[in-house]
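Here are some short exercises to work through with the model open beside you. Try each one yourself before reading the solution.

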Amino acid sequence: MRVLVADDQVEVRSALRLLLEQEAGLTVVGEAAEAGDLLAQARGLMPDLVLLDWELPGRVATAETRPGECPLLIALLSCSPRPRVVVLSGRPEAQRAALAAGADAFVGKGDPPERLLTTLHLFGVGK
Amino acid sequence: MPLSKRSRRLRTKIIAWSFIPTAIILLAVALVTLYAYQRVTADLVIGRNRELTRLSASQLAANLTEHTNLLAGLAHIADIRKSDPATQRAALAQARNRLVVFDAGVVILDPHGRVVGAEPGRPEAIGQDWSDRGYFRQMLRTGGPVFSDTLGDGPQGTEVIVVAVPIGGDQGELVGAIAGMFRLGALSVSSFYGGIVKLRADERGRAYLVDGNGRVIYHSDTERVGEDLSWQPVVRQVLGGKVEALQTRDRDGRDIVATFAPVPGTPWGLVIEESWATLMSSSRGYSNLLLMLLALGLVVPVIVLAVGVRRITKPIEALMDAAREVARGKFGQTITVATGDELEELAEHFNVMSTRLQASYADLERRVADRTRELATLNAIAAVVSRSLDIEEILGDALGKMLEVMGLEVGGAFYLDEKGETLTLVAQRGLSEEVVRYVTRLPVWAGASVRAASEGRPVNVLLDEFTDGKLKGLLEREGLKLLVSVPLMAKGKTLGVINLVSREASPVGHEELSLLASIGQQVGVAVENAHLYENAERAAAAAERSRLARDLHDAVTQTLFSASLIAEVLPRVWERNEAEGRRRLAELRQLTRGALAEMRTLLFELRPGALTEAPLGELLRQLAEGVAGRARLPVALSVEGQRPLPPDVQIALYRIAQETLNNVAKHAAASQAEVSLRCEPGRVELSVRDDGRGFERSETPPDHLGLRIMRERAEAIGAALHIASEPGRGTQVVVVWQDNERPDGS
C-alpha cells in the first residue's frame, strides 16, 4: 500500500514515516506540509491511503463551502482512484467533524500508537 | 388696517349705530306729526268753517226776516188788504217812508199776478202780468214769504232781488202780494247788503251769495255781482242744499277752502272762500317750529355724540396703545383711566394682567438662568469625570467639582465594595489625619451615609443625628456642623458615596439636592464605566492567555505524539540498524525535553504572576528549549547583562519573544534560530532571528502572525519594535526599550 503523509510539523511527519516504514507492505510515497502541496502530490502520486492532519494549514480553492464540509477532504476524495483518508488530530473533538465530512477513519494524537496501527490494518495493510 | 383707523371706525360705528336710527325715527315721527297736525288742523278748520258758514247762512236768513216782517206789516194795513187797487196804491204811497229800505221800490200785485201799484210809482208797470214770476208762483204755493232769484223786475228793468209777501183778506183768501225789491250791485245802499257785507271772514277771503240759478247776488269782490257761477261745482252743490266744506282751487288757481250752506228760507246759497295758505298760516308757524326742533334734534345729538364718543374712545385708545406696547415686549405697561365706569374696570384688569405678565416673565428668566447654570455645572462634571477610567481619579475629580459647586472645602469620596457593605475612602479634601484614619474603611450601615446609600438620593445629615459618637466628636472639633451625603448611582445601584461637610448648620435646599443627585448619577455612571473597562481588560487578557494555553497544549500534543510513535518502533529499528536506532533515541530525548519545556511554559500561562518571578533570561531559555523540541531546530540563546525589569516590561518582552518563536516554529521552515537579550543601564534590547522563509512585509496584514498584538505590546511599554524580513532571507524581530526613569518613579 502506498501512503501519503500530510502534517505541518516536521517531527510528526518524521515519526510517522519511521512507524510506517516498519510495517511490511506499506511504502511512504510522499510527504506534504500544506493543503495545496498535498493535493498536487495526491493527484500526481495516486496513493492508496492518505494520512491527513485535520489542522493542516493552507486553503483549497473551492466554489462554495457549506457548514460541515471540508473542501480539502472533498478534493482528496474526488481524486481517482479514490484514496482512503485517515484523519489525525491532537483535538479529540475533531473526530465527529472529520467522520461527518467523509473521512474513512479518525485517530487522535493522544491515543496510544497501536491504535493507529490497528486502523491501518483494517484497510488491508500488512496483507 | 392701522390701529388709529380702527379706533376711528369704532367712533364712527357708535355714532352711526346710535345716531342714525334715532335720526330716522325722529324724522319719521316729526314728519308724521307734522302731517297729522296739518290734517287735523285742516279738518278742524274746515269743520269750523262749515259751521260758521251754516251759522252765517242762518244768521243771514234771520236778518232777512226783518224785511219780510216789514212787508208782512205792510200787508196787514187795512187798505192794502182791500182789493181795490187805488186804495192799495194810496196806502202804499202813505207808507212810503217805511219802504225806503227797498231801494228798488215796492210793488203790489193782485191775486192774479197783475201789477196793481208801485211805490215809487211805475206807471208803465201797472197792469203787467207778473204771474209767471217764479216767486209769485212759489208764494201762491207756500202762502208764505218768498225770496226770488235775480231777475229784472226792477224799475227800467234793472236786476233786483224780490221779497214777496202774500196779502191776506178778511176771510183769509189771497188778496194779492206785496213785493219789495232790492237792487244788486255795489251802488246799493240797502241794509240788506249791509248784512251780507259782514259775512267776510277776513280780508283775503271771499264771500258770495248766489241765487237759485247760480247768479251772484252779492260778492265780496263787488265787480262780480251778477256773474253766473252755476258752472262751479261748489255752487251746484250748495244749490242742491248741501252744507259742506271743500278743499279746491279758485278761479285763479289758488288753493282755497270753500265752505257753503244754503240760506234757509231762500233759494240762495252762501259760499265763503278762504285761502288755504291763510287757514294754515298758524299751523305753518308751528310746522316751522317743528322743523327747527327737528333740525336741532338732529344736530345736537350729533354734536353730543361726537363729543361724548370721544370721551369713550379716548380711554379705549389709551388701552389699545398700552396693549400694543405690551405686545411689543414692554411688559408692566399700565394705564390710568378715571371714567368711573366699565372702562376703568377694564383698565384695572389690564394693569393687573400686565404686571403679572412682567412678574412671570422675570420669574421665567430667573428660572432659565438657574437651569442654565445647573446645566453648565453638569457639563463641567461630565467633562471632568469622563477624563479618566481610573476610579480614584474619577472620584477625586468629582469630589473637587462638587465642593466647588457647593462652595465648600471639606469632603470625602467613598467607594462601596461589591457586597455593598463597606465604604472605602478613595479621595478627600480638608480632612484632618485623624479623621482620615478613622473613616478609611467604614461599614456603611454604621455611618452617616447609610440613608443616602440605601435611599439612593442626597440627604442632609446634621451632626446631632450622627450615631457614631467618635466621628461626631472629631468633626465637631473642627467646627463642622452639617453633612450632605450624595450617593453615586448607576442603574439604580449605589456604587459609592461622596460626603460634603459644611460649617453652616442650615440644610441644603431641594433644588441644590436635585443638582447634587444629577451629579451623583453622572459620577456613578463614570465609575460603572471604569468597572466595565477593567472587566473588559481582564477578560481580554484572560482570552489571550487561554489562546496561548491552547496553542501550547496543541504543540505539546504534537511533540508527545511524535515521541510515542518513535518509542513504539524503536526496538524494531534498533534491531535492524543500531546506528539508526541511536539516532532515533537521540531524537526521542530531544522531543521529550522539548515537551517538558512546553509544559513549563504552559504553567506560566496558567499562573501569570510567575512570569515576573523569574528573570527574563530564564524565561527565554525555556521558550528556546520548547521551540527547539517542537520545530526540531537548534535555537541559540545569548543573555548579556542582568537587571530587574518593571513587571509590565518583562511580560511584554516575554510575550513578543514567545509569539515570534511560535511563528518560527509554525511558518519559518528554518534550520536555525537565535535569541539574544542585551541589558544595559537605561536600555534593553531583545532580538529573535531565524534563517527561514521570511515573508513579504507589505503583503502581510498586521493581524497575521500576531504582528498587531506585538506592536500593541511594544507600544504599551513605550518600546520600539523593528521587524525585518525578506522572502527567502529569514526574519528578525528586535524590541528596544529605553529606561526613562523619572525622579518620582514613573
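**Exercise 1: the chains as wholes**

What area does chain B expose, and what share of it do carbon and sulfur atoms supply? Then draw up a profile of each chain.

*Solution.* Keep in mind that this is a predicted model.

Step 1. Chain B exposes about 39,000 Å², and carbon and sulfur atoms supply 55% of it.

Step 2. Turn to burial: 45% of the 746 residues of chain B count as buried.

Step 3. Add the secondary structure. Chain B has 16 helices and 21 strands.

Step 4. Look at contacts in chain B with a separation of 6 or more: 58% of them involve residues 24 or more positions apart.

Step 5. Now repeat this for chain A. Its accessible surface is about 5,800 Å², with 52% belonging to carbon and sulfur atoms. Of its 127 residues, 50% are buried. Chain A has five helices and five strands, and along the sequence they follow the pattern β-α-β-α-β-α-β-α-β-α. Among its contacts with a separation of 6 or more, 61% are between residues 24 or more positions apart.

**Exercise 2: three residues, three settings**

Find B:Ile178, B:Arg655 and B:Gly143 in the model, and decide for each whether it is buried, partly exposed or exposed.

*Solution.*

Step 1. Begin with B:Ile178, which sits in strand β5 (residues 174-183) of chain B. Its relative accessibility is 0%, so B:Ile178 counts as buried. Beyond its neighbours within four places in sequence, its contacts include B:Leu71, B:Leu92, B:Val106, B:Ile108 and B:Val165. B:Val165 lies 13 residues from B:Ile178 in sequence, yet their C-alpha atoms are 5.4 Å apart.

Step 2. Move on to B:Arg655 in helix α15 (residues 647-668) of chain B. The cut-off for buried is under 20% relative accessible area; B:Arg655 has 8% and therefore counts as buried. With neighbours within four places in sequence left aside, B:Arg655 is in contact with B:Arg545, B:Leu548, B:Glu605, B:Leu611 and B:Arg713.

Step 3. Finish with B:Gly143, in the loop between α3 (134-142) and β3 (146-147) of chain B. Its relative accessible area is 48%, so B:Gly143 is partly exposed. Leaving aside neighbours within four places, B:Gly143 is in contact with B:Gln138 and B:Pro166. The C-alpha atom of B:Gly143 is also 8.5 Å from that of B:Leu174, which is 31 residues away along the chain.

**Exercise 3: a helix pair from α7 and α8**

How are α7(B) and α8(B) oriented to each other: roughly parallel or roughly antiparallel? Work out which residues meet.

*Solution.*

Step 1. Helix α7 (residues 342-385) and helix α8 (residues 391-406) of chain B have axes that come within 9 Å and cross at roughly 160 degrees.

Step 2. Angles over 145 degrees count as roughly antiparallel, so that is how α7(B) and α8(B) are arranged. Their crossing is right-handed.

Step 3. List the contact. From α7(B) come B:Thr377, B:Ala380, B:Ile381, B:Val384 and B:Val385, and from α8(B) come B:Ile394, B:Asp397, B:Ala398, B:Lys401, B:Met402 and B:Val405.

Step 4. Sort these residues by class: eight are nonpolar, one is polar and two are charged.

**Exercise 4: helix α14 and its two partners**

Describe how α14(B) packs with α13(B) and with α15(B), giving the angle and the classes of residue for each pair.

*Solution.*

Step 1. Take α13 (residues 578-606) and α14 (residues 616-631) of chain B. Their axes come within 7 Å and cross at roughly 135 degrees, so α13(B) and α14(B) are oblique to each other. The crossing is left-handed.

Step 2. Residues in this contact include B:Leu591, B:Ala597 and B:Phe604 of α13(B), and B:Leu619, B:Leu623 and B:Arg630 of α14(B). By class, the contact of α13(B) with α14(B) holds six nonpolar, six polar and five charged residues.

Step 3. Now take α14(B) with α15(B). The axes come within 10 Å and cross at roughly 15 degrees, so the two helices are roughly parallel. This crossing is right-handed.

Step 4. Among the residues that meet are B:Leu616, B:Leu620 and B:Val627 in α14(B), and B:Leu653, B:Tyr654 and B:Leu661 in α15(B). The contact of α14(B) with α15(B) has 12 nonpolar, three polar and one charged residues.

Technical notes: Residues numbered from 1 in each chain as written. Chains lettered and ligands numbered in written order. Predicted model: local features only at pLDDT ≥ 70, side-chain atom pairs only at ≥ 80, totals over all residues. Heavy atoms only, no water. Axes fitted to C-alpha atoms, helices over the stretch in contact; angles between N-to-C directions. Helix = DSSP H or I, 4+ residues; strand = E, 2+ residues; numbered from the N terminus. Parallel < 35°, antiparallel > 145°, perpendicular 65-115°, else oblique. Left-handed = near helix turned anticlockwise from the far one by under 90°. Contact = heavy atoms within 4.5 Å. Nonpolar A, V, L, I, M, F, W, Y, C, P; charged D, E, K, R; others polar. Buried < 20%, exposed > 50% of the residue type's maximum accessible area, 1.4 Å probe, protein only. Areas by Shrake-Rupley, 256 points an atom, 1.4 Å probe, with all protein chains shown as cover.
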